[in-house]
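Reader: I would like a close look at a single part of this model. Please take one sheet and what lies around it, and go through it step by step.

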Amino acid sequence: MNDFSHTDIQTVTKRLVAQAASTKPPCGEALEEACQLILGLDEENQKLRDRIVSLEHKRAICVSDLFLVPLDVTEASKNLLHAENAFLLREHILHNLADGITVQDRDFNIIYQNDAMQQVFGSHLGEKCYVCYEKRTEMCEGCGVAKAIRTGEATLVLRAAASADGTTSFWENACFPIFDKDKNVIAGVEVCRNVTTRVSLEQEVKDRNIQLGQLNEQLKRQTDQLLEALHQREEAEEELKLEMERRQQAEMQLRQANKLEAVGQLAAGISHEINTPTQFVGDNLNFLRSGYDDFRIILAKYKQALGTFTAAPGHEETVKAIVEAEQDIDLGYLEQSIPAAFDDAFDGVSRISRIVRAMKDFAHPDRREKTPADLNHALTTTLTVAGNLFNNIANVETDLGPLPQVFCHVGDLNQVFLNLLMNAAHAVAEVVAKTGEKGRVRIRTRHEGKNVRIEIEDTGCGIPSEYRERIFDPFFTTKEVGRGSGQGLAIAYSIVVDKHGGSLTFKSEVDKGTTFTILLPVRPNHLPPAPPKLN
């Protein structure tokens with residue numbers, strides 16, 4: 001039989017606490033050992049219960065069965081029992097029973113004890129039962145014999161008694177009355193069964209149940225601690241995952257920023273290089289146009305002189321040569337077309353200058369702090385830079401309302417506008433490839449209280465519903481390889497929401513188009529409101 005002690009419970013509990021606090025997977029060997037301990041205690045309890053049942057049934061004879069029917073001792077001694085039978089009953093049956101038997105008169109004096117009773121308590125014939133059995137000076141409370149004598153009915157009681165050796169023992173006493181021939185109670189009988197072992201086993205079972213309950217409670221607490229530890233670990237893992245995603249996004253933005261910075265530097269250099277020859281071309285065109293105007297004055301004088309030569313005799317050959325020369329060079333066409341050519345050249349130079357300025361504005365590096373910016377101008381600049389995106393696929397419409405200066409990182413917002421315009425161009429191109437009809441991109445700005453609203457609407461293919469919850473996720477894209485990396489909208493969202501405290505939302509309908517809406521605060525919360533304008 002295994003011997004489980006309170007020390008075992010404490011040891012297992014300490015191991016559970018130690019493993020709950022560790023970083024290793026919980027509920028390992030310590031929890032298995034705790035389960036084994038519980039099973040062992042349950043097995044011990046079952047064995048104790050089996051022993052109690054065995055003690056209940058393991059006796060050769062129950063003397064109380066002999067006295068279930070009231071016995072008239074007087075009549076029996078006179079008419080039924082002769083001396084041999086009485087000796088046989090007393091010496092061979094009653095004295096050899098395992099149960100103790102004691103008979104008391106109505107004053108509770110002991111008038112009979114069998115051997116089993118005398119072996120435990122000694123011989124006390126003629127003495128008060130409560131004095132020799134329970135060491136009292138008066139009758140016991142709840143005495144079974146007293147109740148049997150008083151009521152005339154049998155009863156069963158559990159008593160604690162002082163044995164002859166000074167120890168305390170427990171007895172289950174079957175008490176019943178003895179009647180005379182007139183049905184008067186003349187004595188009481190106690191058939192006493194020693195149940196000390198059973199009581200001890202029952203107490204042991206109770207103690208084990210208490211220990212088991214305590215262990216179960218400790219295991220419950222430890223399980224709660226383990227679950228809490230698991231919950232904390234899951235939260236830590238989720239936080240780590242989010243941190244890794246934030247770091248990945250930060251690295252992506254840093255790479256994008258470095259790329260944009262390099263592109264900005266390159267664009268600034270190219271703009272400078274283009275600007276210089278453009279100025280040369282422009283200056284020379286101005287010179288040529290001015291010179292051509294002067295030539296036209298002289299040419300008019302020559303035509304006037306030619307008219308005079310034509311009318312005067314002797315100059316026919318000279319006039320003929322001049323007329324043939326005018327026809328060869330198609331002078332009339334040149335006079336009509338050269339001014340238009342100058343106009344086209346000046347328009348082209350103007351467009352080059354406008355694109356160069358837009359590239360300079362677009363690629364201008366941001367300051368670390370937010371500064372006031374004209375977002376209508378920023379949108380116009382971005383449209384100029386990205387104008388080639390919409391060639392032959394869409395008409396671009398602008399509805400730019402008056403806006404206040406917005407405190408922002410305008411370079412970052414230029415990148416947001418460019419990303420949204422590129423998405424719009426790609427979406428419209430898909431529809432144009434199917435229908436052959438040009439689409440439309442519309443840009444609208446409004447001032448709304450403390451915010452400005454910017455809408456970029458397209459008549460593209462729209463966003464399928466199953467993708468709408470993920471379009472701002474880093475590296476998520478539905479475009480084919482080479483047309484998108486899944487970073488544009490993620491960067492745009494981060495710039496608008498995280499960097500500027502605004503919002504970036506969209507509405508989309510498949511095969512109808514998409515509208516992205518940017519809402520930006522005019523001034524950050526930490527800045528005081530702008531002073532009122534004075535008329």
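Author: What follows is a walk through one sheet, the helix beside it and, for contrast, a pair of helices elsewhere in the chain.

The model is predicted. The protein chain holds 535 residues, and 34% of these count as buried. It has 13 helices and 12 strands. Take the contacts with a separation of 6 or more. Residues 24 or more positions apart account for 63% of these.

Now the sheet. It is open and has 5 strands. Their order is β2-β1-β5-β4-β3, and the pairing is antiparallel. The edges are β2, residues 110-113, and β3, residues 155-162. Each has a single partner strand, so one side of each lacks a neighbour in the sheet. On average, neighbouring strands here are turned by 30° against each other, direction ignored. In general, strands of a sheet pair through backbone hydrogen bonds, either parallel or antiparallel.

Start with strand β1. Are its residues buried or exposed? This strand is mostly covered, with 6 of its 6 residues buried. G100, T102 and Q104 point one way from β1. I101, V103 and D105 point the other way. Both sets are buried.

β1 has β5 as one partner. The two run antiparallel and are joined by 6 bridges. Within this pair, G100 stands opposite C192 of β5. β1 also pairs with β2, again in the antiparallel sense, over 3 bridges. There V103 has Y112 of β2 as its bridge partner. The hairpin of β1 and β2 has 4 residues between the strands. In this hairpin, F108 takes a positive phi near 70°.

Next, β5 and β4. Strand β4 covers residues 168-179 and strand β5 covers residues 185-194. They run antiparallel, with 9 bridges between them. I178 stands opposite A187 in β5.

Then comes helix α7, residues 144-151. Which of its residues are buried? They are G144, V145, A146, A148 and I149. What covers them includes four strands of the sheet: β1 (100-105), β3, β4 and β5. Just after α7, G152 takes a positive phi of about 75°.

Look at one residue of that helix. A146 sits in α7. Its relative accessible area is 12%. The cut-off for buried is under 20%, so A146 counts as buried. Leaving aside neighbours within four places in sequence, A146 is in contact with F108 and M139. F108 is the hairpin residue with the positive phi. A146 and Q104 are 42 residues apart in sequence. In space they are 9.7 Å apart, C-alpha to C-alpha. Q104 belongs to β1 and is itself buried.

Last, the helix pair. Two packed helices are described by the angle between their axes and the distance between the axes. Helix α11, residues 375-385, packs with helix α12, residues 410-435. The angle is about 50° and the axes are 10 Å apart. That makes α11 oblique to α12. Their crossing is right-handed. From α11, the contact uses L375, A378, L379, T382 and L383. From α12, it uses V410, L413, N414, F417, L418 and L421. By class, this contact has 9 nonpolar and 2 polar residues, and no charged ones.

To recap the sheet: β1 lies between β2 and β5 in the strand order, its 6 residues are buried, and β1 is among the strands that cover the buried residues of α7.

Conventions: Residues are numbered from 1 along each chain as its sequence is written. This is a predicted model: local features need pLDDT of at least 70, side-chain atom pairs count only at pLDDT 80 or more; totals for chains, interfaces and linings use all residues. Side-chain values use heavy atoms; hydrogens and water are left out. Two strands pair if DSSP finds at least two bridges between them. Axes are lines fitted to C-alpha atoms, for helices over the stretch in contact, and angles run from 0 to 180 degrees between N-to-C directions. Angles under 35 degrees count as roughly parallel, over 145 as roughly antiparallel, 65 to 115 as roughly perpendicular and the rest as oblique. A crossing is left-handed if the near helix is turned anticlockwise from the far one by less than a right angle, and right-handed if clockwise. Contact means heavy atoms within 4.5 Å. Ala, Val, Leu, Ile, Met, Phe, Trp, Tyr, Cys and Pro count as nonpolar, Asp, Glu, Lys and Arg as charged, and the others, Gly among them, as polar. Buried means under 20% relative accessible area, exposed over 50%, partly exposed in between (1.4 Å probe, protein chains only).
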